[in-house]
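Visitor: Please take a close look at one helix of this chain, and set it in the context of the whole fold.

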Amino acid sequence: GAGKSTLAERLLLRLRQNHLRTEWLDGDEMRTHLSKGLGFSREDRTINVLRIAYVAHLLSRNGVIVLVSAISPYRDARAQARQLIRHFVEVHVATTLEECQRRDIKGLYRKAQAGEIPGFTGVDDPYEEPLEPEIRVDTNAVSPDESIRHIEGYLVLHSYI
């Protein structure tokens, strides 16, 4: 509900319009196809993040710009992903829990609060905010287009694109 997939999809289109080899690894799709059967324990979430990171590593080492939109609630798993991926840029898509709940089109927060989904990030499992992300966008305060401009600006300034 923070806006990760919305931003990744829009950035993907922008990068492909500029003829850049780009792939998007969406957390929901990766969990369905790559991490089927994993639950939401800390261990399972870390395994999921590291599987996605490994695929991103394989693609990026072959010259593909990889966008990942996945919930990665633990700093240690993000640090491991950073070690694996050579040109790792962390984008913290920040928003409030209340806004995530308001945007909850899948009804997941409602189910988590009813006890139907244990270990749900932000409800009964912590989210450890990044301490020093390369980019931070507050989707409560800025539009998706402004967020994309900010991200693109960083990538251009640091010669990623």
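Guide: What follows starts with the chain as a whole, turns to helix 3, and ends with two smaller sites.

This is a predicted model, in which local features need pLDDT of at least 70 and side-chain atom pairs count only at pLDDT 80 or more, while totals for chains, interfaces and linings use all residues. Residues are numbered from 1 along each chain as its sequence is written, and side-chain values use heavy atoms, with hydrogens and water left out.

The chain has seven helices and four strands; helices (H or I, at least four residues) and strands (E, at least two) are DSSP runs, numbered from the N terminus. Their order from the N terminus is α-β-α-α-β-α-β-α-α-β-α. The radius of gyration is 16 Å, close to the 15 Å that the globule rule gives for 161 residues, so the chain is as compact as a globular protein of that length. That radius is taken over C-alpha atoms, and the rule is 2.2 Å times the number of residues to the power 0.38. Along its principal axes the C-alpha trace spans about 45 × 30 × 25 Å. Of the 161 residues, 39% count as buried, where buried means under 20% relative accessible area, exposed over 50%, and partly exposed in between (1.4 Å probe, protein chains only).

Helix 3 covers residues 42–60, 19 residues in total. From first C-alpha to last it reaches 26 Å, close to the 27 Å expected at 1.5 Å a residue; the expected span is 1.5 Å times one less than the number of residues. Its buried residues are D44, R45, T46, N48, V49, I52, A53, A56 and H57. These pack against strand 1 (22–26), helix 2 (27–33), strand 2 (65–69) and helix 4 (75–84), with contact meaning heavy atoms within 4.5 Å.

One of these partners, helix 2, contains G27. G27 counts as buried because its relative accessibility is 12%. Leaving aside residues up to four places away in sequence, G27 touches S69 and A70. The C-alpha atoms of G27 and I71 are separated by 6.8 Å, although the two residues are 44 residues apart along the chain. Across the chain, 68% of the contacts with a separation of 6 or more are between residues 24 or more positions apart.

The second site is I161, in the segment after helix 7 (144–157). I161 counts as partly exposed because its relative accessibility is 32%.
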